[in-house]
Amino acid sequence: MRQTADPIIDMRDIWSLYRDVVIHKNLDFRVERGEVIALVGGSGSGKTTLLREILGLLKPAKGSIRLFGHEIGNANSAALAAVRNRLGMLFQQGALFSALSVYDNIAFPLRELRFMDEAWIADIVRLKLAMVGLEEKHAYLMPAELSGGMIKRVALARALAVEPELLLLDEPTAGLDPARSKSFVALIRELQQSLGLTVVLVTHDFDTIEGLQSEVAVLAEQQILAKGALTEVAALPHPAIRAFFEPMGLYGAKSVT
């Protein structure tokens with residue numbers, strides 16, 4: 001693993017626009033190596049937009065985004081690809097390629113690197129399947145043949161294929177029943193600890209936050225209002241924080257001095 005004093009993510013003075021609507025304004029967001037951060041906030045607050053900006057799929061109207069110490073705003077395609085190879089993304093609902101088998105879905109990002117032979121790729125695919133609790137026989141299935149829980153595991157295996165340092169998760173437990181959700185969260189937590197991953201996730205599920213033992217970053221009023229332990233952030237005397245956490249019975253969970 002690369003050693004650096006730079007934060008994994010350093011976003012400063014971010015302005016994001018959708019047509020004439022301001023999504024983010026003067027937003028700052030910093031994530032250190034090894035942190036697990038859950039982005040929470042109301043619908044339409046721009047959580048997924050923030051993930052897409054970190055990925056380089058969207059470009060903010062203004063501001064600086066540095067990943068692993070590298071500015072990506074004006075990076076050329078080669079530099080951006082080098083940065084993207086250091087992160088993995090689990091999209092909501094998995095976003096597997098429906099025309100590709102499980103094997104080919106996991107192999108896809110490895111083939112994009114264009115320096116591995118198929119024997120090497122096959123070994124990595126088998127390893128990633130095992131890491132997410134799937135068997136080699138599952139490699140020959142198509143996405144339409146998978147359960148919801150298996151789709152999530154295959155998508156996670158694909159996200160981990162290139163040995164990322166940063167893992168981005170968009171609603172990782174959406175669509176799963178409580179038992180499968182708990183199992184999937186435990187898997188993510190185990191992999192985060194064993195691989196030393198930095199994790200940023202968008203979620204509305206507080207069982208997921210607790211299961212991952214993650215801190216929270218509250219996105220409201222076009223900014224990150226607070227970042228820290230769930231109980232401490234939920235107790236902050238800010239109207240937007242109260243409006244978000246109080247219906248869940250979390251507001252004021254811990255007094256802050």
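The exercises below walk through a predicted model, each with a worked solution.

Residues are numbered from 1 along each chain as its sequence is written, and side-chain values use heavy atoms, with hydrogens and water left out. Because the model is predicted, local features need pLDDT of at least 70 and side-chain atom pairs count only at pLDDT 80 or more, while totals for chains, interfaces and linings use all residues.

**Exercise 1. Confidence**

Task: find the mean pLDDT of the protein chain, and say where confidence is lowest and where it is highest.

Solution. Begin with the scale: pLDDT is the predictor's confidence in each residue, from 0 to 100. The mean for the protein chain is 89, and 94% of its residues reach 70 or more. Next, turn to the helices (H or I, at least four residues) and strands (E, at least two), which are DSSP runs numbered from the N terminus. Confidence is lowest in helix H2 (residues 77-84), with a mean of 84, and highest in E2, at 95.

**Exercise 2. The open sheet**

Task: work out the order of the four strands in the open sheet, and name the edge strands.

Solution. Strands of a sheet pair through backbone hydrogen bonds, either parallel or antiparallel; two strands count as paired here if DSSP finds at least two bridges between them.

- Strand E1 (residues 9-18) pairs with E2 in the antiparallel sense over seven bridges, and within this pairing Tyr18 has Val21 in E2 as its bridge partner.
- E1 and E2 form a hairpin with two residues between them, and in the turn Arg19 has a positive phi of about 55°.
- E1 is also joined to strand E4 (residues 62-67) by five bridges, again running antiparallel, and the bridge partner of Asp10 in E4 is Arg66.
- E4 in turn pairs with E5 over two bridges in the antiparallel sense, where Arg66 stands opposite Glu71 in E5.

Put together, the order is E2-E1-E4-E5, with antiparallel pairing. The edge strands are E2 and strand E5 (70-71), each of which pairs on one side only.

**Exercise 3. Two buried polar residues**

Task: describe the surroundings of Asp10 and of Gln192, starting from whether each is buried or exposed.

Solution. The classes are set by relative accessible area: buried means under 20%, exposed over 50%, and partly exposed in between (1.4 Å probe, protein chains only). Asp10, whose place is in strand E1, has a relative accessibility of 8% and therefore counts as buried. The side chain of Asp10 makes a polar contact with the side chain of Arg12 (2.9 Å); such a contact is a pair of N or O atoms within 3.5 Å, where within protein one must be able to donate a hydrogen and the other to accept it, and residues adjacent in sequence count only if both atoms are side-chain atoms. Not counting residues up to four places away in sequence, Asp10 touches Phe29, Arg30, Ser64, Ile65 and Arg66, contact meaning heavy atoms within 4.5 Å.

Gln192 lies in helix H6 (residues 178-195), and its relative accessible area of 9% makes Gln192 buried as well. The side chain of Gln192 makes a polar contact with that of Arg189 at 2.8 Å, while a polar atom of the Gln192 side chain lies 2.9 Å from the backbone oxygen of Leu197. With residues up to four places away in sequence left out, Gln192 touches Gly34, Val36, Leu197 and Val199.

**Exercise 4. Salt bridges**

Task: state how many salt bridges there are, and examine the one between Lys227 and Glu35.

Solution. A salt bridge is a side-chain nitrogen of Lys or Arg within 4 Å of a carboxyl oxygen of Asp or Glu. By this rule the count is 14. In the bridge between Lys227 and Glu35, the closest N and O atoms are 3.4 Å apart. This pair links distant parts of the chain, 192 residues apart, with Lys227 in strand E10 (residues 223-228) and Glu35 in the loop between strand E2 (21-31) and strand E3 (36-40). Lys227 has 36% relative accessibility, so Lys227 counts as partly exposed.

A further salt bridge joins the side chains of Arg242 and Glu246 (3.2 Å, N to O). Salt bridges that share partners also join Asp10, Arg12, Arg30 and Glu32 into one network.
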